[in-house]
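Biologist: Could you pick one part of this predicted model and take me through it closely, in one go? I would like to see how that part sits among its surroundings.

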Amino acid sequence: MRVISLLILLLFIGTGSFAQKMIGYGGELSVLSAKPNVRIWTSKTTGFEFFGGIAAEVGDFKPNDMEIGFKYLKAIMYNRTDRTYFGLVGKWKMVNVYGETQKTNLPIPGILIGKEWYSKRINRKGFAIELGYQYGVKEFNVQNHLLQTKETFEEFPLILNLRYSFYKKR
């Protein structure tokens, strides 16, 4: 009975520990942002990513906003040289409304699907493309001299990321 219990425990819990665990440091270019990131694959099918960097707005292409966030990644197809995954994104964007005088914060959730390719010749390198949808809308009051107006900020809804990473096994 103990042997069967041990085998069941290893089958359901321990399979992730035998998988390839990797950590990657890299950069990501998006439609309106550039950010460094760290991606951690805890198993063949589960990963996390933490990122932060500069961003711009749709109407103002000056990169004067900051964003930080995370991604939870789940692989749906895994080979030794590539991985297809879907993910959940959560980020926090600090938006400069009018120059540096007024700022607002905006939480932005999203979903994505991605494909990552690996090159293992000399160093472990990865290149990924991610597509998805994100949503973030916030209304705020703007004080201009004696006039107070209500403005709406909307985050660009399309996620289109290109990322490059240097991996090492953990």
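Modeller: Happy to! Let me begin with a yardstick: a residue is buried under 20% relative accessible area, exposed over 50%, and partly exposed in between (1.4 Å probe, protein chains only). By that yardstick Asn123 is partly exposed, because its relative accessible area is 45%. Asn123 is found in the loop between β6 and β7, and this loop is where I would like to start. Although Asn123 and Lys168 are 45 residues apart in sequence, their C-alpha atoms are 8.4 Å apart in space.

A word on the model: it is predicted, so local features need pLDDT of at least 70 and side-chain atom pairs pLDDT 80 or more, while totals for chains, interfaces and linings use all residues. Numbering runs from 1 along each chain as its sequence is written, and side-chain values use heavy atoms, without hydrogens and water.

Now the frame around our loop. The chain has 1 helix and 10 strands (DSSP runs numbered from the N terminus: H or I of at least four residues for helices, E of at least two for strands). The helix comes at the N-terminal end of the order, and the ten strands follow it. Of the 170 residues, 38% count as buried. Looking at contacts (heavy atoms within 4.5 Å) with a separation of 6 or more, 53% link residues 24 or more positions apart.

On one side of the loop is strand β6 (residues 102-119), and on the other is strand β7 (residues 124-134); they run antiparallel and are joined by 10 bridges (strands pair when DSSP finds at least two bridges between them). Within this pairing, Glu116 stands opposite Ala128 of β7. From β7 we can step on to strand β10 (residues 158-169), again antiparallel and again with 10 bridges. Here Gly126 stands opposite Ser165 of β10, while Tyr133 stands opposite Leu158 of β10. Strand β10 also pairs with strand β1 (residues 22-29), through 8 bridges in antiparallel fashion. In that pairing Gly26 stands opposite Ser165 of β10, the residue we just met opposite Gly126.

Several of these strands meet again in the packing. The largest nonpolar core has 12 residues, including Met22, Leu112, Tyr118, Ala128, Ile159 and Tyr167 (a core is a set of buried Ala, Val, Leu, Ile, Met, Phe, Trp, Tyr and Cys residues joined through side-chain atoms within 4.5 Å). Strands β4, β5 (82-98), β6 and β10 each supply at least two residues of this core. Apart from it lies another core, of 6 residues, with Leu106, Phe140, Val142 and Phe153 among them.

Phe51 and Trp41 belong to the largest core too. Not counting residues up to four places away in sequence, Phe51 touches a long list that includes Pro36, Glu67, Ile68, Phe70, Val89 and Lys91. Arg83 lies over the face of Trp41, 3.9 Å from the ring centre (a charge sits over a ring if NZ of Lys or CZ of Arg is within 6 Å of the centre and within 35 degrees of the ring normal).

Rings also meet rings, in 5 aromatic pairs (Phe, Tyr and the six-membered ring of Trp pair with centres within 6.5 Å; planes under 30 degrees apart are stacked, over 60 edge-to-face, the rest tilted). Phe48 and Tyr72 make a tilted pair, at 5.5 Å centre to centre and 55° between the planes. Phe48 lies in strand β3 (residues 46-55) and Tyr72 in strand β4 (residues 65-78), so the pair ties together parts 24 residues apart in sequence. Phe48 counts as partly exposed at 34% relative accessibility, and Tyr72 likewise at 31%. Another pair, Tyr164 and Phe166, is edge-to-face, with 5.3 Å between centres and 85° between planes. Tyr164 is partly exposed at 38%, as is Phe166 at 47%.

One last stop is Met94 in strand β5, partly exposed at 28%. Its C-alpha atom is separated by 5.8 Å from that of Asp65, 29 residues away along the chain. Leaving aside neighbours within four places, Met94 is in contact with Asp65, Met66, Glu67, Thr104 and Asn105.
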